[in-house]
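User: I've got this one open in the viewer and would like to talk through how it is put together. Can you take my questions one at a time?

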Amino acid sequence: MALIVNPVMAPIDLGCDEVIERARKLCGISLSSIKRADIHKTSLDARRRSNIHFVHSVYFELLDQSEELRICKSNKLCKLAAATNIIPVIGTKKRTGRVVVAGFGPAGMFCALMLAKHGYRPIVLEKGADVDKRTQLTERFWKTGSLDTSSNVQFGEGGAGTFSDGKLTTRIKDPNCRYVLEEFVRAGADESILTKAKPHIGTDKLKAVVKNIREQIISLGGEVRFETPLKAINMHNRSVSSVVTDDGDISCSALVIACGHSAEDTFLLLENSGVALEPKPFSVGVRIEHTQRSVNESLYGEQADNPLLPVGEYQLSHRTAQGRAVYTFCMCPGGAVVPASSEEGGLVTNGMSEFARDGENANSAVVVSVSPEDYGNNAFDGFRFAKRIERASYQAAGRYTAPATTLGGFLSGKPTLNGASVNPTYCLGVAPYELRRLFPDYVSSTLEEGFRVFARKMHCFSDMGAVLTAPETRTSSPIRLPRNNLGVTERADNLYPCGEGAGYAGGIMSAATDGINIALKIMQCFAPGEDS
């Protein structure tokens, strides 16, 4: 047990020991009663440039647990720390076969890890390659335009988040979030992710982290089979009895679908097997690039060069009078805009940052919400809607050269890259194009309104030389696999949709915790058997 003191306001130059001492005095904790103390979480409050400061929560473990309870009851700044250990309830019945996890992104990875830790020896099937080969194939695409449709930014070990900023921010309140962070640290992520309010791993470090988690799963008796897509599902008495791969059939006690948001082939397979699918809202738009310095100046003013302040990042949103949302998404400080296509003839962009976030530019998606009311109520209409944008973008400038313009060019309807205030980072080249031609009118007009509103919130959005690169279409899954309270579909009592692709998460953290929660449901349903 331990207690958390929050909030503790502190100047940006106040050291860790001084912050802990300030927290101790706020709660009247005696020095002799402390077993351990540390910073628990830190966020930056830069709302007023004249008073930029950190807001900390401080962790205290006391020698006497009853003293922790007394302090928490008497001081409203204190609360008991949530436990981070997960104790599953294991069912008594057993089922034939192994648990098969289709997909090795954050959801599939943490589902498999949790199962492996409790004796279930899962088999993971991943369409793409291991992270080393995947990185080689992705970097080849970025240099030459030669795309591998199975291993790329979207598919392969670690999922789409492997080539991103490795953001670990989330709005969910799942108590297992802390457990996920601690597992990442054990696998090699920087310990700072445990204390930062907006933690990130960085794509350079994330590659080693996912590999280490894979090795842990294998050491516990699990298997991870790369370049092995799910080919078919065999049903018997409303249960998945086995799955089919190019290497043969696998007897299956449960099947977890954790395939990611771009796995249209897997969704088609499920539909052909009688699994219900439904369309869901997602968002489309562009990537905007500013210099990182202009972002820092917008946030920090005269303190933009203060080395004690973190690299500037932002999150902006606006809702139009018609009720449509426009917002920034996956902001990558000191990062680059990268090619993120997964099929020939379609162009997709994404953002990526390494751990240091030390690149010259910052980029963010600026996207507009779309829903089945816009594109149709068939389960695959969202995919078709996004593909039309991706194919139009591919055709606009030829091959994987991205259509682009300055912000001023977009707002004026006269696309140009002349006068750009940043050097575009998209590595396969950009060409001037009227981006409104790629999107429905309601998307373009909402983007325009959003840019004008954001300019009133952050000065860098007033820079008409900022560069827009299109399109951003893979914000989340356009499809959902309905599941009941037991975590399974109505079609089969052992088929578990999971993570972002299935429509139940929106980033690394929410996907990872959903994977854990599905593993817990599987364990509650049945115990590991001799063949599991």
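What follows is a short run of questions and answers on the cores, rings, sheet and backbone.

User: Before we start, what kind of model is this, and what pLDDT do local features need?

Analyst: Residues are numbered from 1 along each chain as its sequence is written, and side-chain values use heavy atoms, with hydrogens and water left out. This is a predicted model in which totals for chains, interfaces and linings use all residues, side-chain atom pairs count only at pLDDT 80 or more, and local features need pLDDT of at least 70.

User: Okay, which helix gives the most to the largest nonpolar core?

Analyst: A nonpolar core here is a set of buried Ala, Val, Leu, Ile, Met, Phe, Trp, Tyr and Cys residues joined through side-chain atoms within 4.5 Å; buried means under 20% relative accessible area, exposed over 50%, and partly exposed in between, with a 1.4 Å probe and protein chains only. The largest one has 53 residues, with Val99, Phe184, Ile213, Val256 and Ile522 making the most contacts inside it. Among the elements that each supply at least two residues are strand S5 (98-102), strand S10 (248-257) and helix H13 (508-525); helices (H or I, at least four residues) and strands (E, at least two) are DSSP runs numbered from the N terminus. The top contributor, with ten residues, is H13.

User: Which residues does Val256 touch, beyond its neighbours within four places in sequence?

Analyst: Contact means heavy atoms within 4.5 Å. With those sequence neighbours left aside, the partners of Val256 are Val99, Val100, Val101, Ala102, Cys111, Tyr496, Cys498, Ile518 and Ile522.

User: And how many residues are in the second, separate core?

Analyst: That core includes Val368, Val370, Phe410 and Ala466. Its count is 41 residues.

User: On to aromatics: is the pair of Phe267 and Phe383 stacked, edge-to-face or tilted?

Analyst: Rings of Phe, Tyr and Trp (its six-membered ring) pair if their centres lie within 6.5 Å; planes under 30 degrees apart count as stacked, over 60 as edge-to-face and the rest as tilted. Phe267 sits in helix H7 (residues 264-272) and Phe383 in helix H10 (residues 381-397), 116 residues apart, and both are buried. Their ring centres are 5.8 Å apart and the planes make 45°, so the pair is tilted.

User: Which ring does the charged end of Lys127 sit over?

Analyst: The test is NZ of Lys or CZ of Arg within 6 Å of the ring centre and within 35 degrees of the ring normal. Arg483 lies over the face of Tyr504 at 3.7 Å from the ring centre. For Lys127, the distance to the centre is 4.2 Å and the ring is that of Phe155.

User: Now the seven-strand sheet: which strands stand at its edges?

Analyst: The sheet is open, has mixed pairing and runs in the order S13-S14-S17-S12-S20-S18-S19; two strands pair if DSSP finds at least two bridges between them. Each edge strand has a single partner strand, so one side of each is left without a neighbour in the sheet: these are S13 (317-319) and S19 (430-432).

User: Over how many bridges do S12 and S17 pair?

Analyst: Strand S12 (residues 282-291) and strand S17 (residues 361-370) run antiparallel to each other. One bridge matches Ile288 with Ser364 in S17. The pairing covers ten bridges.

User: At what angle to S12 does H10 run?

Analyst: Axes are lines fitted to C-alpha atoms, for helices over the stretch in contact, and angles run from 0 to 180 degrees between N-to-C directions. Helix H8 (residues 292-300) runs at about 95° to S12. H10 lies across S12, S17, S18, S19 and S20, and its angle to S12 is about 40°.

User: Any backbone oddities: is Cys330, with its positive phi, buried or exposed?

Analyst: Most residues other than glycine have a negative phi, and most peptide bonds are trans. Cys330 has phi near 50° and lies in strand S14. By contrast, Asn237, with a positive phi of about 55°, counts as exposed at 64% relative accessibility. At a relative accessible area of 19%, Cys330 is buried.

User: Last one: which residue follows Ala470 through a cis peptide bond?

Analyst: A cis bond also joins Asn6 and Pro7, with omega about 0°. From Ala470, omega is near -5°, and the residue on the other side lies in strand S20. That residue is Pro471.
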